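Reader: I am new to this structure and would be grateful for a close look at a single part of it. Please describe that part in full and show how it sits within the whole.

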Amino acid sequence: MGSSQGDPSLHRLFPTAYADDPERDAGYHALVRDELLERRFHSLDVLEQTLDAADGRREVTGEELSAWMRALNDLRLVLGTQLDVTEDDDPADIDPSDPDAPAWAIYHYLAMLLTFVVD
């Protein structure tokens with residue numbers, strides 16, 4: 001079956017294409033997984049290599065900004081899956097004593113950064 005079979009976080013990055021046909025879905029993943037993975041790693045590389053632009057030393061190009069958007073969204077999707085985020089979750093409701101509070105703060109920070117990049 002698909003590459004994300006055992007990890008729900010990866011399932012968000014490599015979703016099922018044919019839910020009712022496991023054989024066809026496995027074929028789909030065999031065709032696209034490596035390319036999707038390469039694109040995700042490339043976006044993370046661009047994000048890392050262009051962090052100096054965030055402090056105003058230079059402008060980020062449109063292509064770099066698109067890579068930032070993809071990387072931030074992928075990170076947010078994985079973390080959101082691990083936290084079991086719903087649309088009803090509110091950053092103001094984070095309990096500082098919750099062991100997941102730092103992860104929730106990072107999740108909301110990534111969402112804020114993603115909104116900033118999109119705007």
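Author:
**Helix H2 and its surroundings**

The buried residues of helix H2 are Asp25, His29, Val32, Arg40, Ser43, Val46 and Leu47; buried denotes under 20% relative accessible area, exposed over 50%, and partly exposed in between, with a 1.4 Å probe and protein chains only. Helices (H or I, at least four residues) and strands (E, at least two) are DSSP runs, numbered from the N terminus.

The model is predicted: local features need pLDDT of at least 70, side-chain atom pairs count only at pLDDT 80 or more, and totals for chains, interfaces and linings use all residues. Residues are numbered from 1 along each chain as its sequence is written, and side-chain values use heavy atoms, with hydrogens and water left out.

H2 covers residues 22-49, which makes 28 residues, and it reaches 38 Å from its first C-alpha to its last. That span is close to the 40 Å expected at 1.5 Å a residue, where the expected span is 1.5 Å times one less than the number of residues. H2 nevertheless has a kink of about 45°, centred on valine 32; the bend at a residue is the angle between axes fitted to the seven residues ending there and the seven starting there. Val32 is also among the buried residues of H2.

The buried residues of H2 pack against helix H1 (8-13) and H3, a contact being heavy atoms within 4.5 Å. Seen from H3, the cover of its buried residues includes H1, H2 and H4. H3 has 22 residues and reaches 31 Å from its first C-alpha to its last, close to the 32 Å expected. Among its buried residues are Trp68, Leu72, Leu79 and Leu83.

Leu47 of H2 also belongs to the largest nonpolar core, which has eleven residues, including Trp68, Leu72, Trp104 and Leu110. A nonpolar core is a set of buried Ala, Val, Leu, Ile, Met, Phe, Trp, Tyr and Cys residues joined through side-chain atoms within 4.5 Å. The elements giving two or more residues to this core are H3 (62-83) and helix H4 (101-118). Leucine 110 touches Leu72, Leu75, Arg76 and Leu79, leaving aside residues up to four places away in sequence.

As for the whole, the chain has four helices and zero strands, in the pattern α-α-α-α along the sequence. Its C-alpha atoms fill a box of roughly 50 × 40 × 20 Å, taken along the principal axes. Buried residues make up 27% of the 119 residues in the chain.
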